Amino acid sequence: SASSPDSHQTSSGIQARPVHGTSEVIVGVLGGGQLGRMLCQAASQMAIKVIVLDPSESCPASSLSHYHMVGSYDDSATVQEFAKRCGVLTVEIEHVDAATLEKLEQQGVDCQPKASTIRIIQDKYLQKVHFSRHAIPLPKFMQIDDLDSAKRAADLFGYPLMIKSRRLAYDGRGNAVAKDESELSSAINALGGYSHGLYAEKWAPFIKELSVIVARGRDNSVLCYPVVETIHRDNICHIVKSPANVSWKIVKDATDVARRAVSSLEGAGVFAVEMFLTVDGQILLNEVAPRPHNSGHHTIESCFTSQYEQHLRAVVGLPLGDPSMKTPAAIMYNILGEDEGEPGFLLAHQLIGRALGIPGASVHWYDKPEMRKQRKMGHITFVGPSMGVLEARLKSLLGEETVGGE
Ligand code: ATP
Ligand code: MG
Ligand code: MG
């Protein structure tokens, strides 16, 4: 009927048509890596215009964006110039110039999530202080400024002791573990010393790592994706299983912690909440990402609304979509660089070739200009009738890989 909520008829009876796609708002994304690329893919389906700011001319998002401004997302003048071109400013990486975002907000630029959120999250120590003030459970932590304070942290938390860079961390590159006192100074040196800002974290003896993507719309509606299990190799996300094989109680607790953590932050968008599950069933928050996340790649094939579409819906002010799974199970496998240059490309291509022959497997390749060891080059998502079936399919993919000589 004419009064159906789906109708776009205005009271005058004239069709209200946006200037271009589903939303006429131009979305500016700081960063043009794989997350930016997948945002562009989702945007293309809805004909939403996404422009990206990234220093690399051949960044993964470049070829798929409506416009790519080549420049640094950490440079104030560049970010301000970029902001003039977009209706809403968002991020695919948190290591951006937060002070400039704050300034832009004061001038009326629409940043989603808010600059305050980026400021808190981009400094892991501030992030921990923030969440502990909001009574979110997390491993004990302490700032360290010299060897004495590092030793004090070790006295309090014991060994192994996790030492982390406050800023610019990703893929575990800001983490170092000291197994005993003799390793303290080498761990600190490995992170570039105290001057870069370090803190110590109590070791979390987790049995599983879990993650929940939480979406918040501009109208403050909140939806949570299913709890997933993330499996890391050398501190790098390697495999994601959705849904996580945990009890309903753990699902409830993890979702609750994730929802509370995100509600303490401001702005619209999707957020990923990484957590530890301890042997006694406790949930501890590890960190939050204010953007789409590796643990949500699987949602492209496995959920009614992918995290990328959801992020766009959230920041432009469309209604949020259904985050639930449309397949019984999904596994995401990260294609990490195994070698530098051509030999690395060759190994990845052999893997992709095998994946293309597996039912329910979808290959994503980020088209990064350079291959480096441990670098995220692409991923493969398996969807299918049960986790058991998918585990067998992943095994068959990797079993053949060992024959190839890993
Ligand atoms: P990301 O790529 O997720 O942003 P990151 O560089 O920010 O990673 P973290 O998430 O802090 O790094 O840590 C990476 C991994 O290291 C964790 O997923 C976990 O496996 C391990 N880890 C981190 N903190 C601890 C801890 N306190 N105790 C035990 N293991 C930890
Ligand atoms: Mg991180
Ligand atoms: Mg992490």
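This section describes the confidence, nonpolar cores, ligand surroundings and an annotated domain of a predicted model.

The protein chain has an average pLDDT of 93, and 93% of its residues score at least 70, while the complex is assigned an ipTM of 0.98 and a pTM of 0.93 by the predictor. Two segments depart from this picture: over residues 1–10 the pLDDT stays under 50, and the model has six contacts beyond four places in sequence for that segment; over residues 400–406 the pLDDT likewise stays under 50, with five contacts beyond four places in sequence. Where pLDDT is low, predicted coordinates should not be read in detail.

The largest nonpolar core comprises 91 residues, and V27, L39 and V273 are those with the most contacts inside it. The element that gives the most to this core is strand β15, spanning residues 329–336, which supplies seven residues. Apart from this core lies another, made up of 16 residues, including A150, A153, A154 and A200.

Two residues, L39 and P292, are considered in turn. When residues up to four places away in sequence are not counted, L39 touches V29, V50, E92, P292, Y308, H311 and L312. P292 itself is found in the loop between β14 and α9, the latter formed by residues 299–302. P292 counts as buried because it has 30 C-beta neighbours inside 10 Å, where 20 or more are required. With the same exclusion of residues up to four places away in sequence, the contacts of P292 are L35, M38, L39, E92, V270, Q307, Y308 and H311. By contrast with these contacts, E340 lies 48 residues from P292 along the chain, and the C-alpha atoms of P292 and E340 are separated by 27 Å.

Around ligand 1 there are 19 residues, of which M162, A169, E201, A204 and H232 come nearest. The elements giving two or more residues to this shell are β6, residues 161–165, and β14, residues 283–289. Classified by residue type, the shell around ligand 1 has seven charged residues, together with six polar and six nonpolar ones.

According to an unreviewed UniProt entry, residues 128–316 are covered by the annotation "domain: ATP-grasp". Over residues 128–316 the chain of the model is 29% helix and 33% strand, and the C-alpha atoms at the two ends of this stretch are 29 Å apart.

Technical notes: Residues numbered from 1 in each chain as written. Chains lettered and ligands numbered in written order. Predicted model: local features only at pLDDT ≥ 70, side-chain atom pairs only at ≥ 80, totals over all residues. Core = buried A, V, L, I, M, F, W, Y, C linked by C-beta atoms within 7 Å. Buried ≥ 20, exposed ≤ 12 C-beta atoms within 10 Å, placed from the backbone. Helix = DSSP H or I, 4+ residues; strand = E, 2+ residues; numbered from the N terminus. Contact = placed C-beta atoms within 7 Å. Near = placed C-beta within 6 Å. Nonpolar A, V, L, I, M, F, W, Y, C, P; charged D, E, K, R; others polar. UniProt positions renumbered as here; feature names shortened; annotations may be inferred. pLDDT = per-residue confidence, 0-100.
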